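Please look over the fold shown below, and then read on for an account of its charged pairs, its sheet and its hairpins.

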Amino acid sequence: MRIILVTGLGGAGRTTVAAATALAEARAGRRVLLVSEDADPPVDGGSLRVLRPDPAADFRREFLALQARSGAALDLLGATPFEDAELTELPGSRHFALLRALRDAAHGDHDLAVVDLPPLPEALALLALPEQLRRYLRRLLPPERQAARALRPMLAQLAGVPMPAQWLYETTARWEAELAAAQAVADASTTRVHLVLEPGPAATRALRTARLGLALQGLALDAVVANRLLPADSEDPWFAGLAAEQHRNLAELRTAAGVVHELPHLGRAPRGAEDLALLAPVPPAAPLAPAPGHEVEDRREEDGVLVWHIALPGAVKEELALVRRGDELLLTVGPFRRHLPLPPALRRCTVTGAGLVDGDLRVRFTPDPGLWPRTP
């Protein structure tokens with residue numbers, strides 16, 4: 001199953017490009033699922049289906065299901081349950097509805113799913129959310145504490161109600177499974193990200209932000225789309241000046257991105273499938289580039305160290321911070337932060353230095369003699 005995640009700067013037309021991409025793939029004979037809150041389904045989509053996440057309905061459904069599963073414990077506490085009609089969604093519900101839609105997009109009778117993500121900063125936070133929440137759950141409710149779970153049914157039978165700890169761990173396990181499924185879709189080798197930008201002063205900066213944020217999560221930026229390009233041959237001085245400025249920004253974007261898919265400004269809001277057909281990015285002819293990796297290089301024979309290579313395209317030294325905490329490396333790059341689990345071999349080492357070379361962060365580890373196996 002291929003997944004295309006479409007994001008971009010707010011107002012750059014990412015929803016339109018997502019719908020156009022899905023329509024073009026469907027017209028090419030593929031079965032396509034378009035996941036979008038806002039896109040209108042093309043009238044001649046053929047094998048194209050649209051899934052609309054509904055955060056309000058999703059929140060009510062999940063809340064009532066959680067309430068039903070914990071009914072006995074709530075009765076024990078004397079709580080009054082909520083009814084569907086009195087529930088309103090909480091802030092953050094949209095993120096969880098999108099994650100569930102992303103998880104569901106990886107299953108079904110379609111060949112490709114095109115997911116219309118929120119604007120770039122929100123999309124990067126959304127893609128990082130499953131791993132972050134799973135880490136919090138493991139720290140607050142570690143699985144090791146469930147060692148005595150065999151006693152809980154007996155205790156529950158004596159008390160007459162399910163034990164709160166049992167309910168809590170069962171709920172945590174369910175959340176962990178759902179988050180892991182959403183994270184697996186984002187991390188899959190067949191998942192790619194398309195970035196939609198309108199050439200302007202902020203476009204190149206947004207490209208750098210996207211590359212850096214995606215690389216930190218191990219995701220690949222597969223395509224950069226320059227949307228709403230104005231024609232450069234207008235005789236109107238005001239319009240010609242505006243187009244010239246846009247094309248200067250486009251040249252900078254090409255230099256930074258390499259390949260840029262260019263889409264025209266239609267002079268109006270797109271209407272119908274034929275307009276969308278004019279706004280479908282041309283698929284790349286070259287094979288998909290691999291997602292940024294985190295490889296360990298064994299240089300013990302030459303330098304006595306192991307080097308962990310972490311791809312961070314566009315990173316600068318002044319924005320980097322590294323902290324080793326147990327079996328994790330806390331990595332801060334500009335506005336982004338991620339806890340990277342150390343590969344097993346590096347957990348028996350100490351950090352002895354780091355350097356950044358052309359977007360490649362190289363963290364040096366020296367084997368700890370007390371933990372590393374001795375060679376005869």
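Arg-31, at 41% relative accessibility, counts as partly exposed, a class that lies between buried (under 20% relative accessible area) and exposed (over 50%), computed with a 1.4 Å probe on protein chains only. The model is a predicted one, in which local features need pLDDT of at least 70 and side-chain atom pairs count only at pLDDT 80 or more, while totals for chains, interfaces and linings use all residues. Residues are numbered from 1 along each chain as its sequence is written, and side-chain values use heavy atoms, with hydrogens and water left out.

The side chain of Arg-31 meets that of Asp-111 in a salt bridge, at 2.7 Å from N to O; the term stands for a side-chain nitrogen of Lys or Arg within 4 Å of a carboxyl oxygen of Asp or Glu. This pair links distant parts of the chain, with Asp-111 in the loop between α4 (93-105) and β4 (112-116) and Arg-31 in the loop between α1 (14-27) and β2, 80 residues apart. The helices named here are DSSP runs of H or I with at least four residues, and the strands are runs of E with at least two, numbered from the N terminus. Asp-111 is likewise partly exposed, at 32% relative accessibility.

A search of the whole structure finds 26 salt bridges, and three of the pairs are set out here.

| Pair | Closest N to O | Relative accessibility |
|---|---|---|
| Asp-111 and Arg-31 | 2.7 Å | Asp-111 32%, Arg-31 41% |
| Arg-100 and Glu-178 | 3.7 Å | Arg-100 17%, Glu-178 23% |
| Arg-300 and Asp-298 | 2.7 Å | Arg-300 37%, Asp-298 41% |

The salt bridge between Arg-100 and Glu-178 also links distant parts of the chain, joining helix α4, which holds Arg-100, to helix α7 (residues 164-187), which holds Glu-178, across 78 residues. Arg-100 is buried, whereas Glu-178 is partly exposed. Arg-300 and Asp-298 form a salt bridge, in which Arg-300 is partly exposed and Asp-298 is partly exposed. Salt bridges that share partners join Asp-58, Arg-61, Glu-62, Arg-100, Arg-103, Asp-104 and Glu-178 into one network.

In what order do the 7 strands of the open sheet lie? The order is β3-β2-β4-β1-β5-β6-β7, and the pairing is parallel, where two strands pair if DSSP finds at least two bridges between them. Because β3 (48-51) and β7 (261-264) stand at the edges, each with a single partner strand, one side of each is left without a neighbour in the sheet. From one strand to the next the twist averages 20 degrees, the axes being lines fitted to C-alpha atoms (for helices over the stretch in contact) and the angles running from 0 to 180 degrees between N-to-C directions. Strand β2 (residues 32-35) is joined to β3 by 4 bridges, the two running parallel, and Val-32 stands opposite Leu-48 in β3.

Helix α8 (residues 203-216) lies across β5 (191-197) and β6 (221-229), and it runs at about 165 degrees to β5. Arg-205 is found in this helix, α8, and counts as exposed at 56% relative accessibility. The C-alpha atoms of Arg-205 and Ala-256 are separated by 9.7 Å, although these residues are 51 apart along the chain.

The antiparallel strands remain to be described. Strand β10 (residues 320-325) is joined to β11 by 6 bridges in an antiparallel run, with Leu-329 in β11 as the bridge partner of Arg-324. The hairpin of β10 and β11 has 2 residues between the strands, and Gly-326 takes a positive phi near 60 degrees there. On the other pairing, 6 bridges join β11 to strand β12 (residues 336-341), again antiparallel, and Thr-332 stands opposite Arg-337 in β12. The hairpin of β11 and β12 has 2 residues between its strands, with Gly-334 in the turn at a positive phi of about 60 degrees.

Strand β11 is mostly covered, 6 of its 6 residues being buried. Glu-328, Leu-330 and Thr-332 point one way from β11, and Leu-329, Leu-331 and Val-333 point the other way. Glu-328, which belongs to β11 (residues 328-333), is buried with a relative accessible area of 19%. The side chain of Glu-328 makes a polar contact of 3.0 Å with the side chain of Arg-135, a polar contact being a pair of N or O atoms within 3.5 Å, of which, within protein, one must be able to donate a hydrogen and the other to accept it, residues adjacent in sequence counting only if both atoms are side-chain atoms.

Notes: Contact means heavy atoms within 4.5 Å.
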